[in-house]
Structures are given as C-alpha cells and as structure tokens.
Amino acid sequence: MAVNFQSMNDEMTAMVEFRTMSSGDLKQVISIEEKAYPHPWTLGIFRDCLRVGYNAWVMTFENAVIGYGIVMLSPGEAHILNLCISPDYQKKGLGRHLMRYLIKTTDRTDVDMVLLEVRRSNAHAQELYKSEGFHELGVRKAYYPADKGREDAIILAKYISHDT
C-alpha cells in the first residue's frame, strides 16, 4: 500500500497550534534545543529573550511543544533569532509552517525586511529559506561555535511588500 506522505504532512500542519512562549514552556524548549543542536542556546538566553520582550512563540501538537521561534523587532526589520522544530517532528513541513507564521506575526507596516543567520554547513535550512524568498546578504565570519573552532553564518534576508 502506498503512503501519501505529503497528505500526512498537510494533516499534521493543520493540527498544530501556535501560542506565545511563556517561562513555563522553557523546560520543553530547552529539551528540544539540546536534541536539535550540538551547541544549543542556554536556558539563560531563552529567559533573557522573554525578559526583554522579544516575540517568542511555541508550536504545539496535542498540547506538547514541538517547535519554537524567537523574533527581535526593530525599526524596519524583524530578525529571526531562533527557529527550531523538534528532531522527532522534522521533515514534515513544520519548519516552513513555523517560519511563515513568524513572518506573518511581524506583518507590520514598518517591517520591510526579515533577517536571519544560518550555519554555512546547514544546507537543508538554507534551501528552505531560499525557497521562501530569502536571499543572501553576506557572511558573519566565525559566528557560531563549532566542534573545531567557529563556523561562518550566512546572513539571509527577505523583503516584505505591504500591498495597500
């Protein structure tokens, strides 16, 4: 029997929910962060993001946090600081769904550009971002910690049009 994975992915995407991240979510967020990245953000970084008022969202499925995103807003731009889907839920279209949600929540007339950084080695994420209209702006040398020193970050940007 053939399995239609696209249909399964669409069904799951339709079943996830988004809500504002709270300090009560941080245990689940840190668990995902530590599974997803060899050099994860610390609990303190997430707490600071909430404390200073960055837009922080969780994606839930059956009341469990399965992904999250943090966006810093400044005049004219939104900077996606972290976007992550639990490794248990990756490759189902949820990263794209979360990214679109984050961009939609920044849809203000003064935001003309969405920025993010991605590891040079993360070809899968680069492909996703570029398929969503991001393009390369430049490189931040030795931006990320890596197993053998530091790794460059590619700076990507997407311009937002405000149709009236």
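Biologist: Quick one before we dig in: what counts as a pocket, and which residues are its lining residues?
Modeller: A pocket is an open set of points on a 1 Å grid, with protein on both sides within 12 Å along at least five of seven lines. Lining residues have an atom within 4 Å of a point. Keep in mind that this is a predicted model.

Biologist: Got it. How much space lies in the largest pocket?
Modeller: About 1100 Å³.

Biologist: And which residues lie nearest its centre?
Modeller: Those are Tyr 37, Leu 83, Asn 122, Ala 125 and Tyr 129, out of 36 residues that line the largest pocket.

Biologist: What's the mix of the lining by class?
Modeller: There are 20 nonpolar, 9 polar and 7 charged residues in the lining of the largest pocket.

Biologist: Which element gives the largest share of that lining?
Modeller: Strand β4 does, with 7 residues. Several elements supply at least two lining residues each, including the helices α2 (26-36), α4 (94-105) and α5 (123-131), along with β4 (77-85) itself. Strands β5 (113-119) and β6 (135-146) are also among them.

Biologist: Let's move to the sheet. What's the strand order?
Modeller: It goes β1-β2-β3-β4-β5-β7-β6, an open sheet of 7 strands with mixed pairing. β1 and β6 stand at the edges with a single partner strand each, so one side of each has no neighbour in the sheet. Neighbouring strands are turned by 25° against each other on average, ignoring direction.

Biologist: Zooming in, how many bridges join β1 to β2?
Modeller: 4 bridges, and the two strands run antiparallel. Glu 17 has Thr 60 as its bridge partner in β2, and Arg 19 stands opposite Val 58.

Biologist: What about β2 and β3?
Modeller: They are antiparallel too, over 7 bridges, with Ala 56 opposite Ile 70 in β3. The two strands form a hairpin with 2 residues between them, and Glu 62 in that turn has a positive phi of about 50°.

Biologist: Why is β2 largely enclosed by the rest of the structure?
Modeller: Because 6 of its 7 residues, in the stretch 55-61, are buried.

Biologist: Last topic, cysteines. How many disulfides?
Modeller: The count comes to 0, using a limit of 2.5 Å between the sulfur atoms.

Biologist: So is Cys 49 buried or exposed? And Cys 84, buried or exposed?
Modeller: Cys 49 is at 5% relative accessibility, and that counts as buried. Cys 84 is buried as well, with a relative accessible area of 2%. The cut-off for buried is under 20%.

Terms used:
Residues numbered from 1 in each chain as written. Predicted model: local features only at pLDDT ≥ 70, side-chain atom pairs only at ≥ 80, totals over all residues. Heavy atoms only, no water. 1 Å grid on protein atoms, 1.4 Å probe; cavity = no way out; pocket = protein on both sides within 12 Å on 5 of 7 lines; lining within 4 Å. Points joined across faces, edges and corners; volume = space filled by probe spheres on them. Nonpolar A, V, L, I, M, F, W, Y, C, P; charged D, E, K, R; others polar. Buried < 20%, exposed > 50% of the residue type's maximum accessible area, 1.4 Å probe, protein only. Pairing = 2+ DSSP bridges. Axes fitted to C-alpha atoms, helices over the stretch in contact; angles between N-to-C directions.
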